[in-house]
Amino acid sequence: MATSYNRRINLYINGQQVTNDIASIRSEMNKTINTQARMTIGSKEYVAETSKIKQLKTIIDQHRADIGQIEAKWSMRNIGRMFNDYFSMVTAFLASSVALVMGVKQIIQTYNDFEERLDNLSALTGLAGKDLEWLGETAKKMSTDTLEGGIRVTQSAQQIVDAFTKTGSARPELLKNKEALVAVTKEAIILANAAKIDLQPAIEGLTMVMNQYNVSADQARRIINVMGAGSKAGAGEIPYLTVGFEKAGTTAKMAGLSIETLTATLETLAPRFSQPEIAGRGLRGMLLHLQLGADDTNPAIVGMGTALENLGKKVLSPKEQLKLFGLENINVANTLIQNVQEFKNYEQAVTGTNVALEQAAINTDNNNARLAQAKNRLNVMSIELGEKLAPALTISTNGLTYMVKILTVMVDFFSRNKIMILSTVYALTAYAAAVKIV
């Protein structure tokens with residue numbers, strides 16, 4: 001059988017019982033004050049009433065202090081501060097979540113970009129299946145490789161895949177042999193680092209020479225050394241030589257000029273003709289006319305150097321020069337005839353050299369190159385991780401989008417209705433406090 005107990009606290013002031021509630025205590029204190037006011041100051045009764053008043057006042061002051069603490073704790077300012085603190089925590093959580101999502105998306109985007117480059121390589125070259133997969137893996141590995149002579153590859157895997165595409169498109173026969181495609185692209189990378197130029201003009205220059213002279217992939221190393229040495233020794237940079245070979249390459253080959261000789265010829269013209277198109281067309285016309293003339297001035301028979309020397313010995317008049325070379329080619333012809341020794345110096349400088357390898361090794365032996373390779377390693381890791389995360393992101397993207405949207409709506413709702421929410425919380429808290437006090 002359950003037993004219930006009632007507990008009552010009795011309050012006595014100077015031996016007299018006082019009802020234990022604030023209203024009764026205040027009434028008793030007012031009554032005591034009025035009674036004391038009619039007494040003689042300093043009398044025994046006056047002092048007793050003073051003691052009683054102090055006791056009652058102490059109880060009321062304690063009550064006020066308790067109420068003050070509750071009000072201070074649950075004031076509008078404190079409630080607002082608490083709300084702002086929790087609101088900031090929610091906002092920080094959302095920001096961290098969004099940052100994490102964006103980081104994952106960036107990793108997956110890196111993989112998507114790489115995959116897109118491979119698809120472009122396949123579409124333009126026809127490579128597919130295992131060949132395409134092999135080229136992708138080769139590009140990733142090459143981007144972090146150090147080639148012979150300590151040459152660091154600074155191009156990213158994506159750039160190397162693009163280079164495969166450009167090289168294969170410019171020299172279609174390389175598409176039949178993926179190893180040859182990689183080898184030629186690697187030589188173009190060396191040339192780009194040697195000349196400190198972008199990869200695109202290096203590819204254009206290398207493949208242009210290969211196409212004009214119709215040489216195989218095993219001549220790529222020779223070509224980049226010739227072009228690297230020419231651009232180092234003379235005024236004609238890689239783009240200048242590229243255009244010169246485009247305009248005069250086939251004719252020069254027919255006239256018996258080697259790759260080295262044509263490079264030396266263009267370097268001789270470069271300081272005098274700022275536009276390689278003019279130099280190349282003039283050289284082409286000159287070589288055609290010389291092949292129709294005397295044997296001692298025909299480069300195909302005696303060589304370019306000897307032909308120029310023999311032309312100089314003839315001391316042709318302007319009328320004879322015009323008849324021999326034609327109006328459009330006469331300036332190029334006279335420039336070469338008057339600078340035979342310079343031509344020979346260039347020819348010697350570009351023959352049997354490893355300038356491209358040496359220059360590339362020097363230009364990549366620095367912290368920028370090491371930093372570029374470190375970034376390439378991170379890029380490869382992002383590609384491989386992104387490949388694994390891509391399927392999961394595809395599945396979860398919609399759900400995550402809805403979750404972020406809901407959280408955004410909630411944050412926006414709290415932000416717009418902050419005052420109303422605070423007022424409601426304050427009212428409920430005040431009510432709870434009042435109930436607790438009672």
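**Exercise 1. With which residue does R171 form a salt bridge, and how far apart are the closest N and O atoms?**

Solution. This is a predicted model, so side-chain atom pairs are counted only at pLDDT 80 or more. In this model R171 forms a salt bridge with E173, and the closest N and O atoms are 3.3 Å apart. The next step is to ask how each partner is covered: R171 has a relative accessibility of 6% and therefore counts as buried, whereas E173, with a relative accessible area of 38%, is partly exposed. As a further step, salt bridges that share partners join D131, K178 and E179 into one network. By the rule applied here, the count of salt bridges comes to 14.

**Exercise 2. Describe the salt bridges formed by K140 and K141, and state how each partner is covered.**

Solution. Begin with K140, which forms a salt bridge with E137, the closest N and O atoms being separated by 3.0 Å. K140 and E137 are three residues apart in helix α4 (residues 129–142), so about one helical turn separates them. The cut-off for a buried residue is under 20% relative accessible area, so K140, at 6%, is buried, while E137, at 43%, is partly exposed.

Then turn to K141, whose salt bridge is with D145, and whose closest N and O atoms lie 3.4 Å apart. K141 is exposed, with a relative accessible area of 52%, and D145 is partly exposed, with a value of 22%.

**Exercise 3. Which residues gather in the patch of negative charge on the surface, and which element gives the most to this negative patch?**

Solution. The residues that gather in the negative surface patch are E115, E116, D119, E133, E384 and E387. Two elements give two or more residues to the patch, namely α3 (76–125) and α18 (367–416). Of the elements, α3 gives the most, with three residues.

For a closer look at one member, take E384, which lies in helix α18. Residues of a patch must have over 30% relative accessible area, and E384, at 34% relative accessibility, counts as partly exposed.

**Exercise 4. Is S382 buried or exposed, and which residues does S382 touch when those up to four places away in sequence are not counted?**

Solution. First place the residue: S382 is found in helix α18. With a relative accessible area of 15%, S382 is buried. When residues up to four places away in sequence are left out, S382 touches I107 and T110.

**Exercise 5. Which residues make the nonpolar surface patch of about 480 Å², and which element gives the most to the nonpolar patch?**

Solution. The nonpolar surface patch, with an area of about 480 Å², is made by I406, M410, F413, F414 and M420. The element that gives the most is α18, with four residues. One of the patch members is F413, which lies in helix α18 and which, with a relative accessible area of 40%, is partly exposed. Helix α18 is thus a link between three of these exercises, because E384 of the negative patch, the buried residue S382 and F413 are assigned to α18 as a helix in the sense of a DSSP run.

**Exercise 6. Locate N214 and V315, give the approximate phi of each, and state how each is covered.**

Solution. Taking N214 first, its phi is near 50 degrees, a positive value in a residue other than glycine. N214 is found in the loop between α7 (199–213) and α8 (220–233), and with a relative accessible area of 54% it is exposed.

For V315 the steps are repeated: phi is near 45 degrees, which is likewise a positive value in a residue other than glycine. V315 is found in the loop between α13 (304–314) and α14 (318–325), and with a relative accessible area of 66% it is exposed.

**Exercise 7. What distance separates the C-alpha atoms of V315 and I337?**

Solution. Along the chain, V315 and I337 are 22 residues apart, and in space their C-alpha atoms are separated by 10.0 Å. This value can be read beside the loop position of V315, between α13 and α14.

Technical notes:
Residues numbered from 1 in each chain as written. Predicted model: local features only at pLDDT ≥ 70, side-chain atom pairs only at ≥ 80, totals over all residues. Heavy atoms only, no water. Patch = residues over 30% accessible without salt bridge, like charges linked within 9 Å, V, L, I, M, F, W, Y side chains within 5 Å. Areas by Shrake-Rupley, 256 points an atom, 1.4 Å probe, with all protein chains shown as cover. Salt bridge = Lys/Arg side-chain N within 4 Å of Asp/Glu carboxyl O. Lys, Arg positive; Asp, Glu negative; His and termini not counted. Charge placed at Lys NZ, Arg CZ, Asp CG, Glu CD. Buried < 20%, exposed > 50% of the residue type's maximum accessible area, 1.4 Å probe, protein only. Contact = heavy atoms within 4.5 Å.
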